[in-house]
Amino acid sequence: MKMKRHQFYFNPILFYSVFILSTTATIVIVYKDIEHSLAVKFIVGYVIFLLVSLYYFIIAATSNIRKLKRIQIRKRVYTFIISFTLLSSSSFALNNFLNPGVMDYYKIFSIALGISLGIAFFDLTFRKESH
C-alpha cells in the first residue's frame, strides 16, 4: 500500500493578510515608541516571520525553477536583467538629479536587485504545478 505524500500548500491570501496586519502593527509600535515588553516580543516575532517567509520563498522558487523548461528560465533571466538595468539606471539618474554629489551605490543596486528578482521570480513561490 502506497502512502500519499502530503504537500504543504502556501495560502497567499492568508500570508498577505498576516503580513499587512503585522506590518501595520509594527509601524504603529515603532512610530509611537511603545516600549512595553509585549511590543518588543511582537517585533521580534515579526522579524522571525519575515526571515521564515524569506527562507520559504527562496526554497519554493528554487524548487519551482527546476520544473521549468529551459526557454522559460531564459525568459525570466532576460526579464531580470532588463528590469535590473532599467531600475538601477533610472534610480542612478534620479539620485544624481535630486542629490548631486551624493551617491549611495549600495542603496541603488540593492533596491534594483530586490525589485528585479521579485518581478522575474516571485510568482514561482505560489505555483502549485509545473506548466
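The following paragraphs describe the helical fold of the chain, its second helix and the surroundings of Arg76. The model is predicted, so that local features require pLDDT of at least 70 and side-chain atom pairs count only at pLDDT 80 or more, whereas totals for chains, interfaces and linings use all residues. Residues are numbered from 1 along each chain as its sequence is written, and side-chain values use heavy atoms, with hydrogens and water left out.

The chain contains four helices and zero strands, these elements being DSSP runs numbered from the N terminus (H or I, at least four residues, for helices; E, at least two, for strands), and their order along the sequence is α-α-α-α. Of its 131 residues, 21% are buried, that is, under 20% relative accessible area, with over 50% termed exposed and values in between partly exposed (1.4 Å probe, protein chains only). Among contacts (heavy atoms within 4.5 Å) with a separation of 6 or more, 70% join residues 24 or more positions apart.

Helix α2 comprises 29 residues (37-65), for which a span of 42 Å is expected at 1.5 Å a residue, and this agrees with the 42 Å between its end C-alpha atoms; the expected span is 1.5 Å times one less than the number of residues. Its buried residues are Ala39, Tyr46, Ser53, Phe57, Ala60, Ala61 and Asn64, and their cover includes α1 (12-31) and α4 (105-121).

Arg76 lies in helix α3 (residues 70-98) and counts as buried because its relative accessibility is 14%. Apart from neighbours within four places in sequence, Arg76 contacts Leu68, Ala120, Phe121, Asp123, Leu124 and Arg127.
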